[in-house]
Each structure stands twice: as C-alpha cells, then as structure tokens.
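User: Hi! Could you walk me through a domain contact in this one?

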Amino acid sequence: MSCVVGIDLGSTTTKAVVLEETGAILGRGITNSRSNYDLAAAVARTEAFINARFGLIQQRAASAIAATAVQKLRRAFVLEQFLHQLRRLEQLMQEEVQRSIPAALRPAYERALEKVCSLILDEEEDRFTQPPAARSDFFRDSAGSAFMRLAEEVAGSHGVTFDRLVGLYDKCIIRVENEPLELDFRDHIGEALHRIGDPIELAGAVDAAVATDLTPAFTVGTGYGRARLPFPKEQIRSEILCHGLGAHALFPLTRTVLDIGGQDTKAIQVDPDGIVTGFQMNDRCAAGCGRYLGYIADEMNLGLHELGPLAEKSTRTVKINSTCTVFAGAELRELLSLGQKREDILAGLHRAIVLRAMSLLARSGGVSDEFTFTGGVAKNPAAVRAIRELVEENYGARQINISADSIYTGALGAALFAKRMVS
Amino acid sequence: MRSAVVEWARELYEDLDFSAVHRWLNDNPGSKAAGYLPVYVPREILHACGFLPVGIHGGGDRLEIIRGDAFYQSYICHLPRSIIELAQSGRLDMLSAVLFPSTCDVIRNLSGIWKLLYPDVYVRYIDVPQVSDPETATTFYEAELRHVMRDLGEVSGHVPDDAELFQSIAVYNEMRTVVRELYATRRERPWDLPTEELYLLLRACEVVPVDEFIVQARRYLAAVDSDRRRPRDNSRVVVAGAFCEQPPLGLIKSIERAGCYVVDDDFVLGTRFLTADVSLAGDPVHALADAFVQTELRTSVLYEGDSLRKRRVMKERAEAAGAEGVIFAAPSFCDPALLDQPMLRKGAEAAGLPCIAFKYSENTGQFQQFREQAGTFADSLKLWNAGAE
Amino acid sequence: MAQKEILKDRSMILQKEMIARHFERLEQAPANHEPVVYTFVPGNLTELIRSFGALPVLPEINALQSGMRKLSGDYIAEAERAGHSEDVCAYVKCDIGMVKSGNIGPSGTKLPKPDLLLLSYTGCYTFMKWFELLREEYDCPAVFFHVPYQGDGKLEPEHREYMIRQLREQVIPALEKATGRAYDEEKLRENLRLSALAEDDLVAVLQSGKLKPSPIDGYFGTVYYVGPIFSAFRGTEEGVEYYRALREEVYARAAAGLGPIVPDGSLDDQRYRLVVEGPPSWTHFRDFWKMFTDEKAVVVASTYTKVGGTYDFGFRHNPDDPLGTLADYCSGCYTNLNLPSRIEMISRYIREYEADGFVINSIKSCNSFSAGQLMILREVEKRTGVPGAFIESDLVDPRYFSQANIKNRLESYFQMIESRRQGSGTGATVASDPLTSAAVA
C-alpha cells in the first residue's frame, strides 16, 4: 500500500501522520521532542505506522468481539513497548551504578533499583487488568512519575538516598530516549498477542497487517526544528504552510487559523484551497506562548493539563498586564501574596495569552469565517473559552473549529504536501 | 469639600468613555471637541475656535489592550497602543480634530496612523522650534500656530479674532495661576496636599472646560487651607521623567506611601509648560509663540542648547522645591526620558543629590518593587540628612 | 566577462581607497589644522561643510561599522554600564561606548575631536539627545539645524524659509567661527554641481533594479553604493568619479544579463523580487543577506537607502539656489516623511519594480522607522495586493538578532509566495531583456 508521511518537529512534541494515496489518514504518532531530533522524528513516525497497522487490523476485525479484542491488543502492545523500555532503563541504571557509585554502596543501589523497577513492572501489569485510564503517552512521563513515587518508598528500607536514585534515573532516561529502541509493530505484536491469549478471531487480521507493505513514497518535514531534520530541502515545508493546509484538510471552510504552540504563536489566513495568503508570528520573545503556561504550571506546582480546568473555576478574572515569561514568576507570587485566588489568576493569565494571540490575528488580517484553532493550547478549555469570547466580541459570530486531533494539524499538512509531491 | 472635588476628579479620571466630553457636546449643540497628545499644545487656540480641548492619555491600567497591540511592536512604549485601543473602540469618535505635538518619533508617527485610520478627522503634527535664537524660533512657531488656527477655524466654523483669542489666553493664564498655586501649596505643605489628589485634578483639567477646572481647583485649594494635616517624617523628592506616558495612580500612591513627599514632578506637564503668563498685549498668536520660546521650563522634549544648564537643571529643580533627592521614573521605551536620564542624573549626583531610577508603563499592575525601592530611598535620604547634620 | 569583473573591482577598490584616505586625513586633521565637523547622515550638509574646507565625521557610520566589525556589543555594554537604558537606540550607545573606549574609528585610526557639532535634526528625535550626549563628551561648540517634519506630506513654504534662515543666521556663522574661514557661496555652488552629477548616476544605478534579472541588490548591495554619497563624499570629485564607475559597472552587468554579486557569487537566477523597508542588522549583515540569497531572493528597491536623500523621485541639488536646495534636500530625507508618504513610496516601488513581495525589518532601536510599521504593512498589502513579511531585529545590538527566528519567518514567507504562485497558476518571475526597460534608457 503506497503512503506518504508528514512529520512536525515541534519544540515540545514531535508528531507524524501517515496518509494513504487517497488522502485518507492511516495513522498518527506522537512523542516528546528531545535533543536527538532524528530520533524524535523516527519515534513519532514509528508510532504513526503502528497506529496505521492497528487501523488495518481494526478494519478487518468485523465482529464486535474482534473489535474489543483489538482494543485489548492495543493496550497489550503499549504495555510491551513500555516494558521493553523499562528493561533498557534498568539495564542502563545498573551500569551507571557500577560506574558512579562507590563499591561499598553498590549492592544496596543494585537491590534498590531492582526493587523499584520490579514494582513499576507490577504496577504496569496490574494496570493492564484494570479499565483503561488516561495518562501521558510518553514513557518519560509515565515511567518518571512512577519512579519518583516508588524510589521514595524504597530508598529508606534499602539504605540508599532518594536523591542518588533520582540522579541515576535522570541520567539514564535521557539515554533511553536518545537511542533507537526496537518499538516497531513487528517487534512487539507477537508478545502482545500472546499476552491476551492469542485470540483466534484476530489471527488473520494481525497477519495481514504485519504483511501489509507500508513503504512511504515521500516524506515532508515541518515544524520548529525542521531545519535539523536530515531531509533535503524539497522535503521541508514551513510550519505556516503546513498548518494552513492541515487546517483546511480538517475543516475545508477554514479561512483563518490560529496555532498556539509551545514556542510560538501563528496567525494564518488561507484561501479556499488552503493556500496561505498571509501570516504573522509572535515577536522575538516567547511571551504569550504555550511555554509561558509551562512556566506558570511549574511555578504553581501543577501539571500543564491542570491549568485550564482550574482557571475554568474562576468567578472573578484577575487582570494580568504582563505576559513576560521572565517576570511571570514574580508577578504570580505577588498576586498570590495579595490574596488573589489561584483560579482567578489563572483565568487572567489565559486571557492575557489569548489577547496576545488576538493582536497577531489582527496583524494578519483579522478573523474570517471559519476560524480554526490548533496547537497544544487548543486543548486547554480556559484558553478556548477566552478565544471564543474575544473573537465574538471583536469579529462577531464565527464558526470556531477545534479538532480533537488539532495537535497533528502541522504533520497532516506536511503529509498533504508529501502527497502532492508524489502526484 | 476636599473629598467632593477629589471624587469629581477621580470620576473623570476613571471614565474611559469621556462622558464629560459627551455631556459638554450635548449641552453645546453645534460645538466640537478637539484632542491633543502630550506634552504641550496651546489650548488657547482650540478654546478660541470654539472647541472643547481634550487631552488624550492612554487608558492606564484600566484598559485591556485588544486592538492596540496589532499596531505596535513590543519594544515601543505602551501609550500609543493604549490610545489606539481607545480610538478603535470608538471612545474618541467625538473628536473632530487631533493635534500631535513634537514630543518624540512615536507620537509623531502616530499622527500618520491617525490620518490613515480617520481620514475625516483633522490631524496636524505640530512641530516646535528647537533653535536657540529666540527670534527665529518665535517666527517659526508663530507661523505654525497661525496655520493650525486657520485650519481649526475651518473645522469648527469659527476663526477667532484677536479679542477672542486674548480672552482665551486670559482664561488659560488663570488656569496656569491656579496650577502654580497648587504646586506652591504642595511644595510648602506636602502633607496637606497629597500628590495623588493633585494628579487627579491635573487629569481633570485635561477633559473639562477650563473654567470648570478653575472653579474646582479653587474650591480644592480653599478646602486644603481649612483642612490642615499633620506633617510626617517623610523625605522630599522630585519625580522626573513622567511627562508623556503617565504612571498608573498606584505608582504615585506607592511613592507617597513609601515615605516620600513629591515636591516637584513632570506629571501632565502640558499644564505647566509655560512658566509665565502669556502677554495680553500686541498680537495674541505672537504672544503665544513668544511665551513658548521664553519658557523657563527645561524638559527632555526640547533641545537644550546650553550644556551648563543641562547639568544644572536637576539641582535647580531640587533647590526650588526643597527636595533632598530625585526619583527618575520613566516609561519603558521612552526615548526622551531615557536618553536624557544619564545626563540629568550625572548633574544631580554632581550636586550631591541622591537618585534612584525605575521604569514603569501606564498599565503596570504590580507596585511591590516600587514601594520597596522608594521606601529604601526615603529611609536612606533620612540617614543621609542625619549624617549631614 | 573578465572586463566586467575588473569594472566591479574598480568601484569597490575606489570606494575602499576613498574611505581609507578620508580616515587617514581625519587622523591627521589635528596636525594639519584641518577643521572637523560631526554631523548625521539624514540631512547632512556635506557640500556646505566641505565649502569651508572642513572634514565631516558621521557617528552613525562609525556605529554601523562597529556593528559589522562585531565591536558594538562591547561598546553598548560600556554605555549601559555608564547608565544608558537597555531600551534606547543602540547606535547612540555604540557611539558613546566607542568614544569612551578611545574613539578608534572604523579603519583603525583614531578619530579627531570635533571642532563643531553640527546637529542637523532631521527625521529622528534621538539625534537631538545624541548630540547633547556628545557635547558632554567633547565639550565643544554645537550648532542646531532644525528640519521640520513633513507632517502633512509636503514641505511647507514657511518651513523652507525657517530652514534657510537658520542656515544663514546660525549654521554658516557657526561654521565660519569653527573653521576660521568666510562663507564662500561660489565654492558651495561648485560642490552642489558635483553632487547633482553623482546623484544622476546613483539614480540610474538604483533604477536598474527594475530590470529582470536585477543587476543590483537594492538593499544589501546598495547600502555600499550609497555609502559615499550619504557620508563624506557628496559634492566631491571623488564622489563623481565613483558613481560614474559604478554606473558603468552596473550597466555592464545588466547588458550581460547578470545579477548582483552577493555573498555566494552572482545572483543571476532570481526567484523572488522584493522591496525592503527598514534598516539592516549590521551585526549579522552577511547572515541576514544570505537568508535572502539562499532562497534566490533579490531586493529590487528599499527605503533605507533613501535615508540620506530621496533622489529617485527627481530631487537634485541645485547650484542656482544653494541654501534653498539644502533645505529641500534635508526635508525630503526618508525618515522626515510622514507615514502616508512612506506607504505611497513603498507601494510605488512594488508596482514600478514589479516586486513579488516586501519585507519590513523592524528595528528595535529606531522608533522613527519602526513606530507605525505595522500600519505600513497593513496599508501596503491593501493597496498593492502583495503580501508583506514582518521581522524584528536591531541595528547594532547583537542581543536582538535571533537567527533561527528570522530565518524561520523568511523561509515561511518565501514558501508562501511560491505556493501562492502555484495556487494561482502564475509562473515564476520571467527573465526579460535587460535593456528594454525605460529605467536604464
């Protein structure tokens, strides 16, 4: 089956989309961006192909029983990938113990690490038997939070320090992330099938999916880090063009696109064919971008995804005048010390970010119908609400589109450019 | 009585919809309002042509900027984006003319933006003479003012004769007298006349008819005389640099609450640009030009031809006000204030005046750092004085 | 071909020699008792200064050279240590820092102290303060020449009179006093006549940007071309000779169908024709230029190359009206024009030079240029239907040049133009016979 791939190398996440010749989406993949750009791109792409193959299995699994089995298989596959990485992480940490821990202390650290990792493994095995619950897709996040929690429990009883365990983890997680691991479909599908008891109703579908040839005919890269992709120039497109075309593909009536990403904010105008006719990006400081919310989350000791829902609880928005990331911490502490509520401050911060975006929209030519909002911040309910209000106030009623898959907009656009190159 | 006047002024200050201007326009059918930007324009001409002169400042910390940022990069001061916000939200629609004096390149270029955005409004950039020769300077400025007056007369439908312009000059001379009295009283008894109140009055003077301001200011002065307060052990300071983009009221309050008596400042400087009364003899336009050229005021928006004078200016101001130190409070990205500051500060420090400096913007929302700085400064001035005695 | 290369070399060698000679002469000026006058590029009165036998020094040129030689960062830091704000013009800080660090000029020679600061206050508020600051450093006589802003888009007769009067009553007496020589109007007329000759040739060079391919880069390349006429060499024989040689050289390239010499060679295959508004970033001049040439973009016209005079709309120095013509010249410098005039000028360039787009390089230092550029962007797009790009950087403050950011934006911009072309079915820029255009006739 001929396909094309688009890769969007962002500042926080790297995304990949695989398209069929017809333009239909076969699969999507995402990973956290890291210092090794090639690898981030390779991981995202692998994930997209895995996703594509599961899609193929799904298509063939006609019966309801089979459909449920596919879901289960998917989870088993994810678990196998996780365990594979966990084994590698443990191996690296044990090697690091030999290198950096004084001989007298080594046995204690060896045992402590073994314990922590086996506890994580147990948790994961247990988790698999429970109903699915949401959590981060990235090994770094899920393994990291479990490691911190369990290392704290284990450290005391094993006569080692928590700080040193964390030090070992920090050093090795980076290496795990930056070395190519075998996470591909063929590597783990067998184990995953075995784990769920090799259900007979899936056998044919899985074999067919494994056998399907998915060789990409063309790949186009985009995003903040695109210049560092090992691609020749004709395989690189600006994120502006890709976001414009991607948004057009998701919502064909789109004329204005706003993308608020980690590192920059883009306001884009497109014509009825999705061709960019004008754009503006934020000025040289990252004020008012997703990264700003990241700082705030750190400052408040919250997860990034918790900010929006908390801001939604506000009853009285605090006015924030500065979206300067440098001053964000100080300003926040002063407001808190003045007795302002966290949710009210957060509501103000979200509004402030959206105001910056509004001025970019105005610079780029305003908000035309339909308006599509993309990027990581489009997942944040408080930001979405502020956008809705301000667009309505300033431009009147507009159809506002937000796709659940909006994070893949740039990669989708890149894949569409790849498709054009083929045809 | 005092509080009634202050509340009157505060209401005007806080009203971003310029209701007072709209009321005046309703009460005076057929009349028009004309705006002007900082720092100085001769309001007498607007007044004599029948306009209500309206000083345009930004919306301060009360206005959320939605459209204004689309016009200005982040490294340009806050004022013009705030003014654009006011204008684009329709709040300045009642102005038939807007004057942009030569204050800096940002305000100069804003005149061009105005021409493009509001082609039906009369817009004029008013250059000011920067040359040292008084005769050349007066000739130029006089021609400039005649040009503006002719144009404005066409807009309002009334070109004033000399007698009418002299009448306007007389009223504004009275305004200047009252403002001088306010400043003198604060200088002598800063505990009786807080800068916050003085500032609100000056801001009121920017949006109400001049005679109304004079009445209120006189009432206020009388109230201050009958409402004596106890002096505190505060330090006396000059606050320099805030002549165009105005600081938020909270900043002024913070300086006072931190233990500083402001005994001289640059706030709403246009009201005090002319240091002497304008002559009521001869030709009125010439008199206005001459008063500008002869002003004793030294400000960053004018070229200082005399380097000794430049070095002396802060010392002179501090001496005249009986101040012990100088606070340079300049708007962020303000070319006139910030380019001048090293020279002014050098002169002040050479004269033994302790100085501190900070930057603000009109929508600065947090004052903790200013309170701390001004408080430490006030304390150090006291220690300094105790040591000197 | 070989001959053309020689011609190219000739103008560059000429310019190098002229500048080196000038700075050597400046270094020797105190010993030779040659008076020195400091002044600014916009509204510079070089013919008048030279008519008194005085040598001009231009602080902005020194600052931009410091930027190109990567010295500006240290100079700026020096000035900021002395109390200058991070917020204000980096040219001023670079210059003040250079003075404080021994006043070694661009060619490595020491600059003489001024005998007179001639502040021609034209189109830039900062100049006024800059000279007040320099006066503090040098403690020397200063004369102020006020050029009123063209707020209503034209030179008003009273303003012209005001300038002539200042020249007669303030500037000339100050020059007489500083140089010890009497005003010689015949000498001034002669200088003005030479200026007009050089200006004719410069305009021919500038307008060759209308050709396809353009034999010049109207921004990066042209900042070199305007160097002599914007600084010390207007109204000199050397200047006339330089512009004659340059014109011949550019015409030869045009006749051969060649593009301009750019950092990587000759840019003959030109994919994008652009108009640029705003000064360049001197600290990263070549990197910045390469961001254009890597995409085969040539600049066909720019506004920055008009800060020292807008000759391409017909103005020439007129020896028959020596003081009046100086007033006209100063008033017409680009930064002294109001926003509507600037918009009209950029729109005209886009139409007349058949540009595919325009780029605004918004400079943090320079409010005279930058305040209102977003309005310019919007208006020019509206009037011409051509999309604009907006980037931000600084003149000589290396902290304000974000390579990745600017490159990203320009790449996106060029790709947008390309995709619009493909989308609308119009082809790429078509090369045409270089000498059929009226510009070079």
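Analyst: Happy to; here is a short chat about how two domains meet. This is a predicted model, where local features need pLDDT of at least 70, side-chain atom pairs count only at pLDDT 80 or more, and totals for chains, interfaces and linings use all residues. Residues are numbered from 1 along each chain as its sequence is written, chains are lettered from A and ligands numbered from 1 in the order in which they are written, and side-chain values use heavy atoms, with hydrogens and water left out.

User: Which domains does chain B have?

Analyst: Chain B has domain 1 (1–29 + 161–231), domain 2 (31–56 + 92–158) and domain 3 (234–389); the bounds come from an automatic or database domain assignment.

User: How much area is buried between domains 2 and 3 of chain B?

Analyst: About 1,800 Å², with carbon and sulfur atoms giving 73%. Buried area is the accessible area (1.4 Å probe) that two parts lose on being put together, summed over both.

User: And which residues of domain 2 lose the most?

Analyst: B:Val39, B:Tyr40 and B:Gln130, together 32% of what the domain 2 side buries to domain 3 of chain B.

User: Switching topic: how many salt bridges between these two domains?

Analyst: One between domain 2 and domain 3 of chain B, counting a side-chain nitrogen of Lys or Arg within 4 Å of a carboxyl oxygen of Asp or Glu.

User: What about B:Arg146?

Analyst: Its side chain forms a salt bridge with that of B:Asp283, at 2.9 Å, N to O.
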